[in-house]
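Biologist: I am new to this model. Please take one strand and look at it closely, then show me how it sits in the rest of the chain.

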Amino acid sequence: MNGRRVRPRAAHTAEPGTSSDASHRDACAVEFHAMSDWNLPWTAACRCERIHMRVTAPPIVTMACHCRGCQRMTASAFSLSMLVPSAGFEIVTGEPVIGGLHGPDRHFHCAYCKSWLFTRPSGMDGFVNIRATMLDDHGWYVPFVETCTAEALPWAKTGAAHSFANIPAPETWGPIVAEFARVGPHP
Ligand SMILES: [Zn+2]
Ligand SMILES: [Zn+2]
């Protein structure tokens, strides 16, 4: 774990000369980012643009995955995603179809261009893992966590603040999600 690429965002929340209580400012920063600092909604589309999507809730965390499955499905070195509450994601046009492994983790694709659009992970009905490169405006995007670096191509570096050789245990994510809300990348 390291602090590279993580930019403190105190400038958005600290009122000069009003408070020296850093922990209070941090608590306020979480709420501030969650509610108003994301320039939502975001639009997204597949390669052929038959499917359009909209994101209306801030991501919980952003991730790169270096696993061989993601390498094959992206035809690249790693996948890029952002976890969003299901209620904050909608299909505007088109009907995504199941692709990938057709297993418990449901990978949704465009039926025409076959782009991998999003995943509904098994046992996590409240969340959808959207492929970040589908966003129309993705210049802000940085993966905050990277997983499965044990399978990574030797030259593939993402600069993620948190790096794991495999998929980290569920209890690992709480502090990371809180940190993402406070200092993670956003538009
Ligand atoms: Zn398409
Ligand atoms: Zn993967």
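Modeller: Start with strand 2, residues 52-55, where the side chains alternate. Met 53 and Val 55 point to one face and are buried. His 52 and Arg 54 point to the other face and are not buried. Buried means that 20 or more other C-beta atoms lie within 10 Å of the residue's own; exposed means 12 or fewer, partly exposed is in between, and C-beta atoms are placed from the backbone. Strands (E, at least two residues) and helices (H or I, at least four) are DSSP runs, numbered from the N terminus.

A word on the source. This is a predicted model, in which local features need pLDDT of at least 70, side-chain atom pairs count only at pLDDT 80 or more, and totals for chains, interfaces and linings use all residues. Residues are numbered from 1 along each chain as its sequence is written, while chains are lettered from A and ligands numbered from 1 in the order in which they are written.

Now the neighbours of strand 2. Strands of a sheet pair through backbone hydrogen bonds, either parallel or antiparallel. Two strands count as paired if DSSP finds at least two bridges between them. Strand 1 (residues 42-45) pairs with strand 2 in the antiparallel sense over 4 bridges. Here Ala 45 stands opposite His 52. The two strands form a hairpin with 6 residues between them. In its turn, Glu 49 has a positive phi of about 65 degrees.

Strand 5 (residues 89-93) also pairs with strand 2, antiparallel and over 4 bridges. There the bridge partner of His 52 is Thr 93. The result is an open sheet of 3 strands in the order 1-2-5, with antiparallel pairing. Strand 1 and strand 5 are its edge strands, and each pairs on one side only. The twist averages 30 degrees from one strand to the next; axes are lines fitted to C-alpha atoms, for helices over the stretch in contact, and angles run from 0 to 180 degrees between N-to-C directions.

Back to Met 53. Not counting residues up to four places away in sequence, Met 53 touches Ala 44, Ala 45, Phe 89, Glu 90, Ile 91, Val 92, Leu 117 and Met 134. Such a contact requires C-beta atoms, placed from the backbone, within 7 Å. Met 53 is also among the residues with the most contacts inside the largest nonpolar core, which has 39 residues. A nonpolar core is a set of buried Ala, Val, Leu, Ile, Met, Phe, Trp, Tyr and Cys residues joined through C-beta atoms within 7 Å. Elements that each supply at least two residues of this core include strand 1, strand 2, strand 8 (116-120) and helix 4 (173-183).

Strand 8 deserves a glance. Of its 5 residues, 4 are buried, so strand 8 is largely enclosed by the rest of the structure. Strand 7 (residues 106-109) pairs with strand 8 in the antiparallel sense over 4 bridges. Strand 8 and strand 9 run antiparallel and are joined by 2 bridges. These strands belong to an open sheet of 8 strands, ordered 6-7-8-9-4-3-10-11, with mixed pairing. Strand 6 (97-99) and strand 11 (162-163) stand at its edges with a single partner strand each, so one side of each is left without a neighbour in the sheet.

Last, the whole chain. The secondary structure comes to 4 helices and 11 strands. Of the 187 residues, 34% count as buried. Mean pLDDT is 86, and 81% of residues reach 70 or more; pLDDT is the predictor's confidence in each residue, from 0 to 100. Over residues 1-32, pLDDT stays under 50.

Methods:
Two residues are in contact if their C-beta atoms, placed from the backbone, lie within 7 Å.
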